[in-house]
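Please work through the exercises below with the sequence and the three-dimensional structure open beside you. Each task sentence is followed by a solution that goes step by step.

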Amino acid sequence: MDITEIDKNLKSTAIKETDVVWKNIREKEFSIHGIFYSDEENHYRRMPKVIADSVSQGVSELSTCASGGRIRFVTDSPYIAVKAVIADMPVSSNISLGGQSGFSVYADGVFEGNLRPEYTNFNSAKDGKYVFASLAYARTGGMRNIEIYTPLYNRTYEVFVGLKAGSKLLSAKKYSNSLPIVFYGSSITQGGCASHSGNDYVSMVCRRLNLDFINLGFSGNAKAEPEMVDYLASLKASAMVLDYDFNAPSVEWLQQTHYPLYKKIRDEQPSVPIIFMTRPNFLYDPKNCIPRREVIYNNYLRAKANGDENVWFIDGETLLGTEEWDSCTVDNCHPNDLGFYRMAERVEQTLRQCLRYDSIK
């Protein structure tokens with residue numbers, strides 16, 4: 001059965017327009033955030049290779065996933081097309097193809113489409129990579145602020161944006177913050193299992209507040225290793241969000257690493273706001289969550305007792321809410337879109353407070 005013959009809304013978003021003009025996103029009109037192009041490796045990454053390699057094999061591999069990457073520009077093109085060379089990654093059992101390997105287009109902060117490969121693209125893979133192209137039509141006319149989110153769980157080698165011939169292309173306006181928010185954490189931070197890029201809690205919050213950010217979520221591999229601690233402390237940020245509770249192998253590990261991570265960042269950056277978060281699946285697994293939360297909350301109290309007025313605490317028990325909380329994940333662990341929405345609501349409140357956001361808008 002071909003479901004697209006039954007439901008036309010499920011048909012491919014393959015490009016049928018004949019007047020597309022392609023531009024590499026490294027051209028000057030585009031601004032790239034959250035990722036950078038490695039000339040050495042010929043692909044995009046989230047942190048320098050030499051540092052990622054020194055942390056662990058997992059971080060080395062996951063740092064090449066483009067989660068948190070954004071391509072920004074202004075145009076009046078009636079459609080936005082994307083052509084990309086990405087890795088031939090195995091399809092995940094609990095994350096959608098659109099989340100793993102798709103590019104999501106937002107115009108003036110509103111979702112316009114997820115441009116993703118077809119399963120048939122995998123058949124054309126060579127040397128561990130393949131090319132696909134897709135297109136989303138504009139909801140409205142005129143000049144629009146475009147933000148394209150890159151894949152959450154795939155390596156991206158090249159990206160080209162396609163616009164209608166004759167369309168205007170201008171540089172995007174700047175974010176509200178001059179330094180990015182840095183999020184460090186687990187697969188949940190990385191975006192698993194949002195239905196598409198841009199729907200993870202990190203992207204949701206920062207899009208609402210017009211904030212630049214760096215996503216340093218590493219599935220199963222956020223363990224506050226010494227090399228990672230040094231790297232995090234070196235990053236100049238508007239705020240730091242420490243969300244690695246889920247990946248600490250044990251309560252004892254968390255006890256040994258959490259406060260030193262905070263202290264290293266604080267020593268290097270005396271005034272940066274630091275947010276402590278605990279894992280969000282509290283109601284699924286309170287037995288394991290309670291002792292972990294106690295470690296993190298006590299570290300928060302310890303920092304406050306030592307005179308630090310720029311630390312904040314988010315209790316994971318509050319992240320998914322109480323009403324139909326069991327509908328917020330795909331596997332009792334990773335949030336779905338509803339779960340990420342509820343997480344974003346809570347994290348936004350804290351970011352507004354610690355950045356004094358409402359007073360500077």
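**Exercise 1: Two residues with positive phi**

Asn42 counts as partly exposed because its relative accessibility is 45%, where buried means under 20% relative accessible area, exposed means over 50% and partly exposed lies in between (1.4 Å probe, protein chains only). The model is a predicted one, in which local features need pLDDT of at least 70 and side-chain atom pairs count only at pLDDT 80 or more, whereas totals for chains, interfaces and linings use all residues. Residues are numbered from 1 along each chain as its sequence is written, and side-chain values use heavy atoms, with hydrogens and water left out.

Task: state where Asn42 lies, and then describe the backbone, place and exposure of Glu324.

Solution. Step one is to place Asn42, which sits in the loop between β3 (36–38) and β4 (43–45); helices (H or I, at least four residues) and strands (E, at least two) are DSSP runs, numbered from the N terminus. Step two is the backbone: Asn42 is not a glycine, although its phi is positive at about 60°. Step three turns to Glu324, another residue other than glycine, whose phi is positive and near 50°. Glu324 is found in the loop between β17 and α10, and it counts as exposed because its relative accessibility is 51%.

**Exercise 2: Salt bridges**

Task: give the number of salt bridges, and say which parts of the chain are linked by the pairs Asp212 with Arg70 and Glu317 with Arg293.

Solution. Step one applies the rule that a salt bridge is a side-chain nitrogen of Lys or Arg within 4 Å of a carboxyl oxygen of Asp or Glu, and the count by this rule comes to 19 salt bridges. Step two takes the side chains of Asp212 and Arg70, which form a salt bridge with an N to O distance of 2.9 Å. This pair links distant parts of the chain, 142 residues apart, with Asp212 in the loop between α6 (201–209) and β14 (213–217) and Arg70 in strand β5 (residues 70–75). Both Asp212 and Arg70 are buried.

Step three takes Glu317 and Arg293, whose closest N and O atoms in the salt bridge are 2.7 Å apart. Glu317 lies in the loop between β17 (311–314) and α10 (337–354) and Arg293 in helix α9 (residues 286–305), so this salt bridge ties together parts that are 24 residues apart in sequence. Glu317 counts as partly exposed because its relative accessibility is 32%, whereas Arg293, at 18%, counts as buried.

**Exercise 3: Helix α6 against helix α10**

Task: describe how the axes of α6 and α10 cross, and then find which residues are joined with Arg352 into one salt-bridge network.

Solution. Step one uses axes, which are lines fitted to C-alpha atoms (for helices over the stretch in contact), with angles from 0 to 180 degrees between N-to-C directions. The axes of α6 and α10 come within 8 Å and cross at roughly 50°, which makes α6 oblique to α10; angles under 35 degrees count as roughly parallel, over 145 as roughly antiparallel, 65 to 115 as roughly perpendicular and the rest as oblique.

Step two lists residues in contact (heavy atoms within 4.5 Å): those of α6 include Met204, Val205 and Arg208, and those of α10 include Tyr341, Glu345, Glu348 and Arg352. The residues of this contact divide into 10 nonpolar, no polar and 5 charged, where Ala, Val, Leu, Ile, Met, Phe, Trp, Tyr, Cys and Pro count as nonpolar, Asp, Glu, Lys and Arg as charged, and the others, Gly among them, as polar.

Step three follows the charges: the side chains of Arg352 and Glu348 meet in a salt bridge at 3.0 Å, N to O. Arg352 and Glu348 are separated by about one helical turn because they are 4 residues apart in helix α10. Arg352 is partly exposed, with a relative accessible area of 26%, while Glu348 is buried at 13%. Salt bridges that share partners join Arg208, Glu345, Glu348 and Arg352 into one network.

**Exercise 4: A cis peptide bond**

Task: identify which residues the cis peptide bond joins.

Solution. The cis peptide bond joins Gly192 and Cys193, with omega about 15°, and Cys193 lies in the loop between α5 (187–190) and α6.
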